[in-house]
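Welcome, and please open your viewer before reading on. We will walk through a few stops together, selecting residues as we go.

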Amino acid sequence: MFIRRGFNATSIDEIVHATGVVRGSLYSIFGSKQGIFVAALKLAAGQREESEASRSRARQARGEGGSETLVNLVNVALFDIAPHNREVADLVQRIISTNGITARALGQCALDRARLREAARQP
């Protein structure tokens, strides 16, 4: 949901509906909607590190980096949360550095999210 709609446009009601977890349990475990997002971001970063560690060097050498899910979540964090939250900004910086996510990958992801894929290919 965060990837599809962004952090600000995703409501806690949508999260409750999608997960089937009651609101009180979500707040008890994560504390807030931002806590849910940060957990998803950390999970995506951890899964990528475990499943793709050996392939990341080759991707970095080609100027690529990051799984699609992770790059999308990083983009959401960059645009919706990091400008106003130093803790999330620091986390995003660590994830970018650790996973070799490039500015090019983030920029392409941002264009794709805005449905400007064709514009990105024009000189």
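A charge counts as sitting over a ring if NZ of Lys or CZ of Arg is within 6 Å of the ring centre and within 35 degrees of the ring normal. Keep that in mind for the second stop, and remember throughout that this is a predicted model.

**Stop 1: the aromatic rings**

A search of the whole structure finds three aromatic pairs. Please select Phe2 and Phe7 to see one of them: this pair is stacked, with 5.8 Å centre to centre and 20° between the planes. Are these two rings buried or exposed? Phe2 is buried, with a relative accessible area of 7%, and Phe7 is buried too, at 9%.

Now keep Phe2 and add Phe37. Here the pair is edge-to-face, at 5.1 Å centre to centre and with 90° between the planes. Colouring by secondary structure helps at this point, as the pair links distant parts of the chain: Phe2 belongs to helix H1 (residues 2–5) and Phe37 to helix H4 (residues 33–61), 35 residues apart. Like Phe2, Phe37 is buried. Show Phe2, Phe7 and Phe37 together and you have a cluster linked by ring pairs.

**Stop 2: a lysine over a ring**

Stay with Phe7 and add the side chain of Lys33. Which face does Lys33 lie over? Lysine 33 lies over the face of phenylalanine 7, at 4.4 Å from the ring centre.

**Stop 3: two crossing helices**

Next, select helix H5 (residues 68–81) and helix H7 (103–113). Two packed helices are described by the angle between their axes and the distance between the axes. The axes of H5 and H7 come within 9 Å and cross at roughly 80°, which means that H5 is roughly perpendicular to H7.

To look at the contact itself, show side chains on both helices. H5 contributes Val71, Asn72, Val74, Asn75, Val76, Leu78 and Phe79, while H7 brings Ala105, Leu106, Cys109, Ala110 and Arg113. Colour these residues by type and you should find nine nonpolar, two polar and one charged.

**Stop 4: a loop residue**

Finally, follow the chain out of H7 and select Arg115, in the loop between helix H7 (103–113) and helix H8 (117–121). What is its phi? Phi of Arg115 is near 60°, a positive value in a residue other than glycine. Switch on the surface as a last step: Arg115 is exposed, with a relative accessible area of 76%.

Terms used
Residues numbered from 1 in each chain as written. Predicted model: local features only at pLDDT ≥ 70, side-chain atom pairs only at ≥ 80, totals over all residues. Heavy atoms only, no water. Phe/Tyr/Trp six-rings, centres within 6.5 Å; stacked < 30°, edge-to-face > 60°. Buried < 20%, exposed > 50% of the residue type's maximum accessible area, 1.4 Å probe, protein only. Helix = DSSP H or I, 4+ residues; strand = E, 2+ residues; numbered from the N terminus. Axes fitted to C-alpha atoms, helices over the stretch in contact; angles between N-to-C directions. Parallel < 35°, antiparallel > 145°, perpendicular 65-115°, else oblique. Contact = heavy atoms within 4.5 Å. Nonpolar A, V, L, I, M, F, W, Y, C, P; charged D, E, K, R; others polar.
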